[in-house]
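Student: I have a model open and want to go through it piece by piece. Can we take it as questions and answers?

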Protein chains: 2
Amino acid sequence: MPTPHVVVIGCGFGGLEAVRVLSRAEVEVTLIDRTNHHLFQPLLYQVATAGLPAPAISAPIRHILRREMRRGRLTVLQAEARGFDVAARQVLLDDGSRLGYDHLIVAAGATNQWFGHADWPAHAPGLKTLADALRIRERLIGAFERAERAADEGERADWLSFVVVGGGPTGVELAGTLVEIARHTLPEEFRRIDSRRARVVLVEGADRVLGAFDERSSASAQAQLQRLGVELMLSCRVEAIDDRGLNLHTADGPRRLAARTVLWAAGVAAVPLGRALAQGCGVQADRAGRVPVRGDLSLAGHPEISVVGDLAAAQSDGRPVPGVSPAAKQMGRCAAANVLARLRGRPTQDFRYVDYGSLATLGRMAAVVQLQLPLLGRVHLSGYPAWLFWLFAHVYFLIGFRNRLMVLTDWGWNYWTFARYARVVALADTPPQEPHGP
Amino acid sequence: MPTPHVVVIGCGFGGLEAVRVLSRAEVEVTLIDRTNHHLFQPLLYQVATAGLPAPAISAPIRHILRREMRRGRLTVLQAEARGFDVAARQVLLDDGSRLGYDHLIVAAGATNQWFGHADWPAHAPGLKTLADALRIRERLIGAFERAERAADEGERADWLSFVVVGGGPTGVELAGTLVEIARHTLPEEFRRIDSRRARVVLVEGADRVLGAFDERSSASAQAQLQRLGVELMLSCRVEAIDDRGLNLHTADGPRRLAARTVLWAAGVAAVPLGRALAQGCGVQADRAGRVPVRGDLSLAGHPEISVVGDLAAAQSDGRPVPGVSPAAKQMGRCAAANVLARLRGRPTQDFRYVDYGSLATLGRMAAVVQLQLPLLGRVHLSGYPAWLFWLFAHVYFLIGFRNRLMVLTDWGWNYWTFARYARVVALADTPPQEPHGP
């Protein structure tokens, strides 16, 4: 009998864990990813706000899996899955070729969504990939530069107004860090503007930020954000976005908010590949495009296909599994173990999400942490202790000793100097031959 | 009398030094640059070859000039000069506005040139800006990925063939580092290809590499490159470049070289702004587009305008000043001192280039150094001592303690582990909403 072949799509938290489990067994594994790196998404906002360079939070997939590759049964391909032929058990790749599998684990993740508003992404970019982060970095730094060059006070104020839409972890991180940049990093470096007068508004549809946390954490987060200098606009719906600002629907009626820089942290959807997979397998994707899975993370009628991470609409103990990295890792391990169980003719195990708690940072020395501890139950931290906890937890889970070292030294430097040395914009869209064209 | 206003265009080595001299005097200074950072160009090839992240070799202009700005007479604007109205003493900016000056120092630098071949830049990108470096990084890393996915041996060999055109310092650095990546960084990380079998060819028109060095250094460089594994093709002229390789004219007649990756390090020209300035002032730019200057670096008929760095066709002791960073720095200081002399009604000084020597690295522990020492005359170093000298000289001249620290730790890491952790490609041109689109 030939060695069974397992294909894993995506090298995020779920896919990477799945490959690690599979590569210890006697199976042939092919991992495909459209990029060449694993991305530590929880720190992506640090790249966007110039606190870290891109290589600090990402690692070449081949490098982090080099030990697994040395065993001789793992192939890594930089390729993009475009669809599936589930009857033939094949993945359709970007170059027109097909990749056959005996078992398939799809861990292709999530992307931004603007709820059908095709013009919003251009005015309010989202933050999911390294390219997104570098684009946002360029906008943030460019806004202060444009303010310095502005012809009049009104234009200046618009360039110094920043709106973050969405009060989840990414939104609060961006808003808090923006205030820090305006008040601590830049003040001495401009002549015509006072960067400290920059306005940072956080717009959220619900009546509190960090809706996935409990109310005590939300209240603490709101108090810390306001102390930092973030303006909170809760229970606000975005009606329209253009290059000069947004129209909001608030409890007091419609309202216009002028701002040259709007960042989008309000919507996440499964990648379109999820719908292609659901369609091929005759199941119905949910509203966010996620693929419903059975208890053991495989698809109904297709036990050879599993979906993990943000792409899966999974349940644990009757409750939906949240789209966070610990859940993706646990699902990746579970799905891989179930593939191996099936190959050995053993029963599969249902997925059970173990929730250790949630944490979010809000800026310099500000964070909220709620832990779920075995005997103590729920423990809350906020302010400086929460921030320290958040910091070391993130460094601990970073992949690669090199990255941990780099992030710690960079953060130490940023902390003491208030500088953000990654404030460098590469101007990728300038024609190479005419840097100073007439 | 109002405070005189000096405008400096460009914050490379020349412009930065000029601003530093000017900001100590009672003059109003405006520095404009199209990017937000000063770039340490001698290490740009390290960003292109994934040895360093972009922020390690660049620093925000506002940050490095924050002490000068604190004195209250320096304005920094991120803006692009598009032309000049020399009669009105105004610089024409990208937003249509005009910037008046009493004295002007133009230090806008150089760019790549492909000698009129409009299709070559797409096939053989050059290395002058951070964006160039990130583009080349993407190509180099992508080539090994494409080789791993290649359908047959011929395609695989083409993806594993790299050609660098131009045997100056940038060309030899790129070629030497490419071999190092193929032989030391990647070997264990692929399954279908043996990256050690990659072919790296250095094509040079003259009969030796490093033509600006003496023959002893050239010979040593060639021996070291060959020992590293670089194939040298000297006395070769490029006739055509396409996406599959190049046509060469050699001493033995025409020859085709198949390679999917071609890098261009063969031509430098002044930025187009130089011709605009020359035209406005009624002088004739030279063949490389550089502006001829008088002994004191000002323009004939326009003592209020000086040109420094790679944009200037300057002479020192009757010999042309080379386009290297020490010369640009010295010219920047000289031009600024002459502006101040004019404002004080004192005579200007002619520029005298002090040549301390030349150095070029060729890869791991390989370099050539020729020093010009006061009493000892010319001293040659090669191999490991030259490489150490090169290393510390470059770290010493890097701007910012932070960058020095970062480069040293990164290099230490790379040296001991052979890893190149910046092997991360951001995929900037992918549509943001469909990372896995069907």
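Student: How many of the 20 residues of α6(B) are buried?
Tutor: This is a predicted model, where local features need pLDDT of at least 70, side-chain atom pairs count only at pLDDT 80 or more, and totals for chains, interfaces and linings use all residues. Residues are numbered from 1 along each chain as its sequence is written, with chains lettered from A and ligands numbered from 1 in the order in which they are written. Buried means 20 or more other C-beta atoms, placed from the backbone, within 10 Å of a residue's own. α6(B) is mostly covered, and its buried count is 17.

Student: What does α6(B) reach from its first C-alpha to its last?
Tutor: Helices are DSSP runs of H or I, at least four residues, and strands are runs of E, at least two, numbered from the N terminus. The expected span is 1.5 Å times one less than the number of residues. For α6(B), residues 130–149, that gives 28 Å, and the model is close to it at 29 Å.

Student: Which element gives the most to the side of chain B that touches chain A?
Tutor: Contact means C-beta atoms, placed from the backbone, within 7 Å. By that rule 62 residues of chain B are in contact with 62 residues of chain A. With 8 residues, the top contributor on the chain B side is α6(B).

Student: Why do the copies meet through the same surface?
Tutor: Look at which residues recur on both sides. The copies share a surface because the interface residues of chain B are also interface residues in chain A, at 100%.

Student: What rotation superposes chain B on chain A?
Tutor: The fit is by least squares on C-alpha atoms of residues with pLDDT of at least 70 in both copies. It has an RMSD of 0.0 Å and 0.0 Å of shift along the axis, with a rotation of 180 degrees. The two copies are therefore related as by a two-fold rotation axis.

Student: Which residue of chain B comes closest to the rotation axis?
Tutor: Go by C-alpha position. At 3.3 Å, the residue is Pro53(B).

Student: Which residue in the hairpin of β6(B) and β7(B) takes a positive phi?
Tutor: Strands pair if DSSP finds at least two bridges between them. Here 4 bridges join β6(B), residues 81–85, to β7(B), residues 90–93, and the two run antiparallel. Ala81(B) stands opposite Leu93(B). Between the strands lie 4 residues, and the one with phi near 55 degrees is Arg89(B).

Student: What share of the 438 residues in chain A is buried?
Tutor: Chain A holds 13 helices and 27 strands. Its buried share is 53%.

Key. A residue is buried if 20 or more other C-beta atoms lie within 10 Å of its own, exposed if 12 or fewer, and partly exposed in between; C-beta atoms are placed from the backbone. Two residues are in contact if their C-beta atoms, placed from the backbone, lie within 7 Å.
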